[in-house]
Amino acid sequence: MSDEVDVVIVGGGPTGLMLACELRLGGARPLLLERLDLPDEHPKANGLVGQVVRLTDHRGLYRQLAAGGPWWQRRSAPSPSPAFMFGGFRLDLRGLGDHPLSILPVPQQRLERVLADRARELGAEVRRGHEATGFTQDADGVTIKIQGPHDEYAVRAPYLVGCDGAHSRIRKLAGIGFPGETTQDHVSRNAHVVLPRSVLTRTGGLRAGGRLLRPYLFHRTPHGVFSFAPFRDGLHLVNTYEWGDAPVDDETPMSVAELAASLRRVLGDEIELRAPTTAGRHVLRRVTTRNSRVAEHYRAGRVFLAGDAAHVLTGFGGPGLNLALPDAVNLGWKLAAAARGTAPTGLLDSYHTERRPLAERVLAQLREQSSLLAPGAATDARRVAFTRRLTDPAFRRGLAETIAGADLPYDMGGMMGEVPLVGRLAPELPLVVAGRRTRLGVLLRRARPILLDLTGGPGLADAARELGDRGDHVVARCSRPAPAAMLIRPDGWVAWAGDGDGEGLRAALAAWCG
């Protein structure tokens with residue numbers, strides 16, 4: 001037993017590491033357990049999309065993560081993407097202003113290394129080669145049984161969080177249901193390969209099947225879907241998707257020749273693919289079964305779930321990390337407040353009520369994209385109608401918000417009022433504080449509540465005294481249109497916005513800051 005641990009985290013992937021960082025920023029003492037001795041170097045996700053990119057900036061990680069990416073992403077702060085894709089359509093997002101869809105290309109292995117370094121820098125304890133084998137909980141805490149490299153032992157902590165993936169042992173032991181569906185309607189194949197120069201254009205396109213195909217998009221044909229993207233060392237990541245009776249031999253390992261045969265069926269063209277000759281681990285994968293599941297509850301007493309342990313969403317665009325890291329940011333400050341004894345009633349329950357609906361929304365979005373990519377005449381008709389709708393800027397903005405995870409605001413307990421910012425991620429604002437230029441994303445790096453005061457007067461003095469040392473009262477000037485005052489939670493979401501007067505601010509302070 002240890003009285004020096006506030007939260008035990010099971011699982012040392014990006015979600016668990018992000019949660020450990022958030023807990024340390026909030027003043028809590030996490031212990032992270034990871035059963036693997038070394039980080040998993042198998043290729044996984046290749047980037048972050050949506051509001052999660054803003055969250056990396058809020059924690060001072062964006063520039064470091066973007067440093068290894070393409071030149072057009074090497075900025076000091078995230079910016080809206082000029083284009084993206086949805087259901088095989090290219091979305092032109094130029095002219096939409098400050099929309100929330102940002103992109104951060106970063107391999108998951110690099111993301112994990114950056115987060116692991118940050119967790120160590122903040123003083124989080126990480127034990128590799130230690131596996132949680134069971135737990136019991138009571139009204140005062142959780143006792144976790146752990147198999148270490150040499151012996152078994154137990155740790156006592158007020159809270160336990162399962163970040164241990166789709167097959168989460170913590171979720172199963174907590175008795176939390178994992179409803180959803182398993183589908184086998186199409187086969188996907190993807191691999192890092194060398195494409196012949198003869199089919200590539202100077203601008204990065206690919207000529208095949210009588211078409212000029214752009215990278216980063218899903219290209220639908222009568223026989224399936226194809227996508228490709230440039231990778232390091234002259235490689236391309238090539239993907240095919242085939243519906244129906246595409247030949248599959250599950251007994252035979254995936255090969256580059258199998259991908260080439262699938263490519264021939266999908267595009268109707270013969271393209272010579274060569275296996276990589278460079279060192280390192282490369283993608284070579286076939287997927288025939290897909291699971292889409294969301295946990296019934298994200299909390300069972302003192303046990304919580306985050307990331308893939310709470311939701312498995314298989315589909316186009318790889319949304320897992322985009323949903324998982326905000327789970328950790330949402331939960332981290334709330335658990336830290338509970339560990340400090342300052343959490344208001346209902347704060348921990350708000351994790352489930354805020355995050356689970358977003359997982360359901362992403363699942364619906366994935367189904368919509370799949371319906372636009374499937375073969376058949378019915379899909380052809382849907383795509384014609386969808387093409388017409390894409391001419392409407394408001395529709396494109398709505399899609400950008402959907403992909404970014406910004407179309408479903410948190411319910412702030414009936415305090416939405418008439419201000420559309422409440423319940424949403426705070427907009428990036430250029431500020432002048434004490435004569436110095438800064439921006440809101442920089443102020444959020446302390447992971448503390450912020451009472452942002454743009455009134456220029458003494459009207460918020462009483463509220464600032466109520467906030468006390470639990471947050472920061474920031475008096476600033478802003479060159480952009482913004483509410484006179486905002487209460488911003490540590491995770492960056494606006495809890496209240498207004499003119500600085502009234503019961504709304506006091507209610508928000510009580511509800512979120514204790």
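Two strands count as paired if DSSP finds at least two bridges between them. That criterion underlies the sheet described in this briefing on a predicted model, in which V432 stands opposite R437 in strand 25. The briefing also covers the second largest pocket, with a volume of about 580 Å³, the enclosed helix 2, and the cysteines, among which a search of the whole structure finds zero disulfides.

**Antiparallel sheet**

- Strands 25, 24 and 28 form an open sheet in the order 25-24-28, with antiparallel pairing.
- The edges of this sheet are strand 25 (436–439) and strand 28 (477–478), each of which pairs on one side only.
- In general, the strands of a sheet pair through backbone hydrogen bonds, in either a parallel or an antiparallel arrangement.
- Strand 24 (residues 430–433) is joined to strand 25 by four bridges, and the two run antiparallel.
- Within this pairing, V433 lies opposite R436 of strand 25, and V432 lies opposite R437 of strand 25.
- Strands 24 and 25 make a hairpin with two residues between them. In the turn, A434 adopts a positive phi of about 55°.
- Strand 24 also pairs with strand 28, in the antiparallel sense and over two bridges.
- On that side, L431 has C478 of strand 28 as its bridge partner.

**Second largest pocket**

- The second largest pocket has a volume of about 580 Å³ and a lining of 33 residues.
- Nearest the centre of this pocket lie R54, D98, P100, L425 and P427.
- By residue class, the lining comprises 19 nonpolar, six polar and eight charged residues.
- Domain 2 (51–106 + 374–408) and domain 4 (424–513) both contribute residues to the lining, so the second largest pocket lies between them.
- Helix 2 (51–58) and helix 10 (393–404) each supply at least two residues of this lining.
- Helix 2 gives the most to the lining, with three residues.

**Helix 2**

- Eight of the eight residues of helix 2 are buried, so the helix is largely enclosed by the rest of the structure.
- The buried residues of helix 2 are Q51, V52, V53, R54, L55, T56, D57 and H58. One of them, R54, is also among the residues nearest the centre of the second largest pocket.
- Just after helix 2, G60 takes a positive phi of about 75°.

**Cysteines**

- How many disulfides does a search of the whole structure find? The search finds zero.
- The sulfur of C163 illustrates this result: the closest cysteine sulfur, in C21, is 12 Å away, too far for a bond. The cut-off applied to a disulfide is a pair of cysteine sulfur atoms within 2.5 Å.
- Is C163 buried or exposed? C163 has 10% relative accessibility and therefore counts as buried, since the limit for buried is under 20%.
- C513, at 7% relative accessibility, likewise counts as buried.

**I146 in strand 9**

- I146 is located in strand 9 (residues 142–147).
- With 1% relative accessibility, I146 counts as buried.
- I146 and H130 are 16 residues apart along the chain, and their C-alpha atoms are separated by 6.5 Å.

Conventions. Residues are numbered from 1 along each chain as its sequence is written. This is a predicted model: local features need pLDDT of at least 70, side-chain atom pairs count only at pLDDT 80 or more; totals for chains, interfaces and linings use all residues. Side-chain values use heavy atoms; hydrogens and water are left out. On a 1 Å grid over the protein atoms alone, a cavity is a set of points where a 1.4 Å probe fits but cannot get out, and a pocket is an open set with protein on both sides within 12 Å along at least five of seven lines; lining residues have an atom within 4 Å of a point. Grid points are joined across faces, edges and corners, and a volume is the space filled by probe spheres set on the points. Ala, Val, Leu, Ile, Met, Phe, Trp, Tyr, Cys and Pro count as nonpolar, Asp, Glu, Lys and Arg as charged, and the others, Gly among them, as polar. Domain bounds come from an automatic or database domain assignment. Buried means under 20% relative accessible area, exposed over 50%, partly exposed in between (1.4 Å probe, protein chains only).
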